[in-house]
Amino acid sequence: MRQAYSIIGRAEQGARLSATEALVLANVDDLPRLMGAASVVRDRAYPDLVSYSPKVFIPLTQLCRDVCHYCTFAQPPRRGQQAYLSAEQVLAIARAGAEAGCHEALFTLGDKPELRYKTAREQLRALGHDSTLSYLIEMAALVLHETGLLPHLNPGVLSHDELLKCRTVSVSQGMMLESTAQQLCEKNGPHYGSPDKQPGIRLACIAAAGSTRVPFTSGILIGIGETRLQRIESLLALRELDEVDGHIQEIIIQNFRRKPGTRMQDAAEPTLEDQLWTIAVARLIFGSRMHIQAPPNLMPDALPQLIAAGIDDWGGVSAVTCDHVNPEAPWPELDKLNEASARAGKQLTARLPIYPDYVSRMDKWLDNSLHTPVRRCLDAEGYARTDRWTPGADTRVPDLRSAKSTVSGKSGINVLLDKAMRAARLSEQEIARLFSARGSAFNDVCMMADALRHEVNGDAVSYVINRNINYSNICYFGCGFCAFSKGRVAENLRERGYKLSLQEIQRRTQEAWQRGATEVCLQGGIHPDYTGDTYLAIASAIKEVQPDMHIHAFSPLEISHGAETLGLSLTDYLRELQQAGLNTLPGTAAEILDDEIRQIICADKINTQQWLDVMRAAHSIGMKSTATIMFGHVESPLNWARHLLHLRDLQEQTGGFTEFVPLPFVHMEAPLYRQGRTRTGPSYREALLMHAVSRLVLYPHINNIQASWVKMGKEGVKAALQAGANDLGGNLMDESISRAAGASHGQELSSTEMAALIRAVGRRAVQRTTLYGRPERSDQYAQDESLIHCA
């Protein structure tokens, strides 16, 4: 046994076990040691989550040419009964699933029944098809296009060409290997008389799925007459295939359930210990990255133990349809599954039928026609989007903060929170993990950010009375997220191009001053006629009519453009702007400060280093600026982490940023979204986490975190104020950029409305200047007594 324990130890340390080493595990009965090692291996890749796929089960036909002696799903034809679900029946099931929040349409059916049954051939002809597979492909396409559910197909053994055909209408496919034990196919074996259960045939199909780049599900069925050694041999056969193409997404360890009316109705079922042993051994054989799954409805009283044995996924779970393969075993309710997962220290998380590992490489693993439907369902980590909230839309916000915190004080998330509270610099991976917080961990992150906000800012929530002046919407840059620009990407976008005159800019400035504004915020497209003199003229014109108005204008893109057109250094040009009256810079044009992402969303714009160089130059002459992030399109939490670290590092050097402003991507009219190339903005959870995590990561260098009421809406802003934010920005007379992208939260929020919103969360409203001082005009123009006080 010393050799066996040495092998377990090697696996626990991350070593790949050889086939010889894996086979030694067949003789190990020390279940606690196996499970302990398996948990360690699993947690190396999946420390916090256990996933499941919200699905509907569509049994397209229960006819099958095979006769497995434990199966009640396959049924012979019955006189007068239809052999296939009609299109109307398929759509009814799918629509019920979509309404219930499912993402997966699991098509299950018997293997090629038309090769055995005349009835199948006749009914297929009546449906306009010559094969079950042809009809399956039509129904999968129908469900995808009519409901948005993502098809996962289980049609049995397929050829290379058949797999390719299915690939055009499904995001994943699957077939259980069940076992490589040849005796199971011999007389009196459970697979006797089932030609498609021959191990060699099934392995060939699984191999073909790899060569056709199909994200694939497989696994083994235990307790049907195989030995433990044969289970390991089956797992090794699957590992060998996966190591060629990397196409096997998950390994299912499914326990046999005896069913009345079958030849195996009196057979012994595998014990819980046997199931746990097999899961643990599978985890040690496949290592950390493979997803190991056990159906929760087949051992519903042992859910925490299944997690402890090494699984990280529950498979498909349906609130709409039963498990047609195991109809005697109802799905556990999600509340029960969530509680059991929490007891095992994991957060239950919804996923798609294609796992995040494969979503991130969809160019390889998905047919091009499926990219957009998948993106519509995604969150930033590649899991399922579980709410219907989108930035800028007038939709109800979900309640994410009702669950009590159950995370241990020694958990990974809490260790990171403690580190952040000590003002330590977090790594990219640590920040990305904070962004992955869900459930009770999400609550912990938000509560810690709120506590830090209170420590830094007290109970004051500040805002500035300002006016947006977007001087032109004509731009020769091609930013794929921008619906405001009327340049070369604007063919189908709303509104005509315009360019404001200096006189109109002056008029709007004077009107803003008369209404109590202390700031004008000016930005616009890069008009082909504009030079650095244009921006100098705008600043001078404003100061000419209103010398006391604070000019907050020109992103690093305009500054870079202006300096280049005049042949000046950034510092010299900024000094000229400062002399002309420019006071501070807005931190827009940052988008995502990671050139990997900028190449996708704004390839012709300034790069990350150029943006930082402009801000460094501005800060060097005493000109303050804000900083922003525009998130929720094509990037991931790792890109967010890089962005925040760039800002933190520059702020440590210059101290020039006054605030950080998260700007959730408003997708509705954005060109990249209309082309199907982005997500639908951040999820509500992600939007709140951006405020919370930025508070933690940027502490103690940037003290003000702003929430955008235009993007978040009033209810979203209230939640952000309890997740680290302390500022609401401006009331934005004439806000038009978000509105052009499809936002519906209005163009202006009055001082009275601001105050009411702030008081609704038990905080104190504070009118401020752009630089967070006390405005001299607040006592004259404030519409609410509570607004004239300054923290």
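## A cis proline in a loop

Pro700 sits in the loop that connects helix 27 (684–698) with helix 28 (709–721). In this predicted model, the peptide bond leading from Tyr699 into Pro700 is cis, and its omega is near 0°.

## Helix 28 and a parallel sheet

Helix 28, which follows that loop, packs on a sheet and touches strand 10 and strand 16. The direction of helix 28 makes about 155° with that of strand 16. With a cut-off of over 145 degrees for roughly antiparallel, helix 28 and strand 16 therefore count as roughly antiparallel.

The sheet is open and has 3 strands in the order 16-10-17, with parallel pairing. Strand 16 (727–730) and strand 17 (764–767) are the edge strands, each pairing on one side only. On average, neighbouring strands of the sheet are turned by 20° against each other, direction ignored. Strand 10 (residues 460–464) runs parallel to strand 16 and is joined to it by 2 bridges. Val464 has Gly730 of strand 16 as its bridge partner. In general, strands of a sheet pair through backbone hydrogen bonds, in either a parallel or an antiparallel manner.

## Two residues with positive phi

Arg213 is not a glycine, yet its phi is positive, at about 55°. Arg213 belongs to the loop between helix 8 (199–211) and strand 5 (216–222). The relative accessible area of Arg213 is 42%, so this residue is partly exposed.

Phe554 also has a positive phi, near 70°, and is likewise a residue other than glycine. The loop that holds Phe554 runs between strand 13 (550–553) and helix 21 (556–566). Phe554 has a relative accessible area of 1%, so it is buried. The cut-off for buried is under 20%.

## Packing of helix 4 and helix 6

Two packed helices are described by the angle between their axes and by the distance between those axes. For helix 4 (residues 87–99) and helix 6 (residues 132–147), the axes come within 10 Å and cross at roughly 40°. The two helices are therefore oblique to each other. Their crossing is right-handed.

On the side of helix 4, the contact is made by Ala87, Val90, Leu91, Ala94, Arg95 and Ala98. Helix 6 contributes Tyr135, Met139, Leu142, Val143, Glu146 and Thr147. By class, the residues of this contact divide into 9 nonpolar, 1 polar and 2 charged. Arg95 of helix 4 and Glu146 of helix 6 are the charged residues, and Thr147 of helix 6 is the polar one.

Conventions. Residues are numbered from 1 along each chain as its sequence is written. This is a predicted model: local features need pLDDT of at least 70, side-chain atom pairs count only at pLDDT 80 or more; totals for chains, interfaces and linings use all residues. Side-chain values use heavy atoms; hydrogens and water are left out. Axes are lines fitted to C-alpha atoms, for helices over the stretch in contact, and angles run from 0 to 180 degrees between N-to-C directions. Helices (H or I, at least four residues) and strands (E, at least two) are DSSP runs, numbered from the N terminus. Angles under 35 degrees count as roughly parallel, over 145 as roughly antiparallel, 65 to 115 as roughly perpendicular and the rest as oblique. A crossing is left-handed if the near helix is turned anticlockwise from the far one by less than a right angle, and right-handed if clockwise. Contact means heavy atoms within 4.5 Å. Buried means under 20% relative accessible area, exposed over 50%, partly exposed in between (1.4 Å probe, protein chains only). Two strands pair if DSSP finds at least two bridges between them.
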